[in-house]
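Dear colleague,

I am passing on a structure that I would like you to look through at your own pace. Please open it first, and then read the notes underneath with it in view.

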Amino acid sequence: MSNTSRRNSAEPNCVYKNHNEPIEVRVQDLLSRMTLKEKAGQMTQIERTVATHSAIKDLSIGSILSGGGSGPFDKALPCDWADMIDSYQNSALQSRLGVPIIYATDAVHGHNNVFGATIFPHNIGLGATRLVF
């Protein structure tokens, strides 16, 4: 049996997709199936503006970031964000091993990229983390 056929994620002994197996066993199984390129891709975070279906699927990208001011479009509502992220997630799930992405956003002061969201002044946010007796 060749390396390629042993690593095929569709094989019946696909332990990493079995939710009944212990996490450590699932992780070990997944890592044993990954190529070096896929491992590098999983450790890579790209900005939303360069995220394409083919980049996510073919390069096994592990994470996408919406940096400050980066959103689906001007005045995007929460449902627009959900649709955009679902689209990225679907691309990741179509990769050879079907590993989902982690989506990150720059939201230090509240999610100011979402139209109509509540924004918290930085000093109030810092103060809210302290208890005064």
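The notes below deal first with one helix and then with a pair of aromatic rings.

Please keep in mind throughout that this is a predicted model.

Helix α2 covers residues 23-33, and a good way to begin is to ask which of its residues are buried. In α2 the buried residues are R26, D29, L30 and R33, and because they cover an arc of only 95° around the axis, they sit on the same side of the helix. On the other side of α2 you will find E24 and Q28, which are exposed. When you compare positions along the helix, it helps to remember that an α-helix has 3.6 residues a turn, so residues three or four places apart point the same way.

There is also a nonpolar patch on the surface, formed by I23, V27 and L31, which together have about 260 Å² of accessible area. V27, which has its place in α2, is partly exposed, since its relative accessible area is 43%, and a residue counts as buried under 20% and as exposed over 50%.

Turning to the aromatic rings, the count comes to one pair. The rings are those of Y88 and Y103, with centres 6.1 Å apart and planes at 10°, so the pair is stacked. Y88 lies in helix α5 (residues 78-93) and Y103 in strand β3 (residues 102-105), so the pair ties together parts that are 15 residues apart in sequence. Y88 is itself buried, with a relative accessible area of 9%.

With best wishes

Terms used: Residues numbered from 1 in each chain as written. Predicted model: local features only at pLDDT ≥ 70, side-chain atom pairs only at ≥ 80, totals over all residues. Heavy atoms only, no water. Patch = residues over 30% accessible without salt bridge, like charges linked within 9 Å, V, L, I, M, F, W, Y side chains within 5 Å. Areas by Shrake-Rupley, 256 points an atom, 1.4 Å probe, with all protein chains shown as cover. Salt bridge = Lys/Arg side-chain N within 4 Å of Asp/Glu carboxyl O. Helix = DSSP H or I, 4+ residues; strand = E, 2+ residues; numbered from the N terminus. Buried < 20%, exposed > 50% of the residue type's maximum accessible area, 1.4 Å probe, protein only. Phe/Tyr/Trp six-rings, centres within 6.5 Å; stacked < 30°, edge-to-face > 60°. Arc of directions from axis to C-beta.
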